[in-house]
Amino acid sequence: MSAPKILDCAGKTLDLSQPQVMGILNLTPDSFSDGGRFTARDAAIKHAMQMIDEGAAIIDVGGESTRPGAQPVTAQQEMDRVIPLIETLAGEIPLPISVDTSKAEVMREAVSAGAGMINDVMALRDSGALEAAAEAAVPVCLMHMQGEPRTMQCNPHYDDVVDDVKTFLQQRLDACVASGIPQDRLIVDPGFGFGKTLPHNLALLDGLQNLDQLGVPLLVGISRKSMIGALLGERAVEERLYGSLAAAVMAAMKGSAILRVHDVQATVDALKIVSAVQAVNLVIK
Ligand code: 7PJ
């Protein structure tokens with residue numbers, strides 16, 4: 001089955017006929033420290049507007065850090081961070097907004113505030129999440145993670161990482177469909193860095209085209225991740241742009257429909273080259 005090309009995100013369109021960029025808007029404390037010139041909210045809105053100008057197709061708003069070792073936050077804390085911003089942005093921008101959350105309550109509130117997609121690193125495994133997502137009736141990204149953020153980098157293990165991730169994602173797709181979420185509203189993501197060693201991440205990137213067989217669009221988030229830092233010799237986060245671009249281009253060439261990134265302009269430029277070459281293939285073959 002071929003993946004749907006146009007997604008309806010609560011009335012706003014996401015066109016996946018060519019690879020698109022999802023811009024990351026991180027609302028965890030200190031993500032917008034700029035010496036106090038702007039309030040955190042103004043700075044976040046400004047950053048969203050900039051990502052739109054740079055060619056993002058969707059903005060992903062998150063209020064909980066899921067980095068390795070991160071501590072959980074309450075639903076209330078997460079909502080205080082993301083809901084006012086989603087409300088403001090949804091009224092002002094033509095692009096869909098996705099909410100990066102695992103909690104049913106946050107999903108419900110975010111979608112009522114205008115979010116058009118749910119991006120869940122837990123693939124709707126938290127209690128009530130399947131039901132909340134089914135009711136919300138917006139597209140959902142199901143991400144693979146082995147373990148939980150606090151401990152996931154302690155000795156992750158796979159028999160065959162590509163096969164294991166694919167099997168997990170197929171099971172979550174089946175669980176969603178059984179709960180009343182139509183398959184044409186689902187997206188999958190192998191979850192780079194979530195319970196994976198560097199060799200696991202590399203094998204996944206190499207074998208990414210195998211996930212196409214799941215028949216739904218593929219989302220990939222590699223931007224500035226530690227696998228890039230490790231390959232560049234323990235490079236600092238701000239110095240990972242060129243490595244991130246190479247990984248984004250490879251992922252797009254292997255069929256990824258959405259690239260979740262920090263550096264929107266640079267990634268949009270790089271993906272234009274991939275799209276142009278993919279378009280030639282479509283015309284000639
Ligand atoms: C991902 C995510 C990812 C999806 C984060 C970071 C860590 N959502 N949320 N895929 N990563 N779907 O951006 O470094 O890879 S948070």
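Which elements do the buried residues of helix 3 pack against? The legends below take up this question within a predicted model.

**Figure 1. Overall view of the predicted chain.** The chain contains 9 helices and 10 strands, and its C-alpha atoms fill a box of roughly 50 × 45 × 45 Å along the principal axes. A compact globule of 285 residues would have a radius of gyration near 19 Å, and the 18 Å of this chain therefore agrees with that expectation. Of the contacts between residues at least 6 apart in sequence, 69% join residues that are at least 24 apart.

**Figure 2. Surface and charged side chains of the chain.** About 12900 Å² of the chain is exposed, with carbon and sulfur atoms supplying 52% of that area, while 53% of the 285 residues count as buried. The chain carries 23 positive and 35 negative side chains, and the centres of these two sets lie 3 Å apart.

**Figure 3. Close-up of the buried residues of helix 3.** Helix 3 spans residues 104–112, and its buried residues are Ala104, Val106, Met107, Ala110 and Val111. These residues lie on the same side of helix 3 because they cover an arc of only 160 degrees around the axis.

**Figure 4. Close-up of the packing partners of helix 3.** The buried residues of helix 3 pack against two helices, helix 2 (75–92) and helix 4 (129–136), and against two strands, strand 5 (97–100) and strand 6 (117–120).

**Figure 5. Close-up of the residue Gly114.** Gly114, which is found just after helix 3, takes a positive phi of about 120 degrees.

Notes. Residues are numbered from 1 along each chain as its sequence is written. This is a predicted model: local features need pLDDT of at least 70, side-chain atom pairs count only at pLDDT 80 or more; totals for chains, interfaces and linings use all residues. Side-chain values use heavy atoms; hydrogens and water are left out. Helices (H or I, at least four residues) and strands (E, at least two) are DSSP runs, numbered from the N terminus. The radius of gyration is taken over C-alpha atoms; the globule rule is 2.2 Å times the number of residues to the power 0.38. Buried means under 20% relative accessible area, exposed over 50%, partly exposed in between (1.4 Å probe, protein chains only). Contact means heavy atoms within 4.5 Å. Accessible areas come from the Shrake-Rupley method with a 1.4 Å probe; for residues, only the protein chains shown count as cover. Lys and Arg count as positive and Asp and Glu as negative; His and the chain ends are not counted. The place of a charge is taken as NZ of Lys, CZ of Arg, CG of Asp or CD of Glu. The arc is that of the directions from the helix axis to the C-beta atoms.
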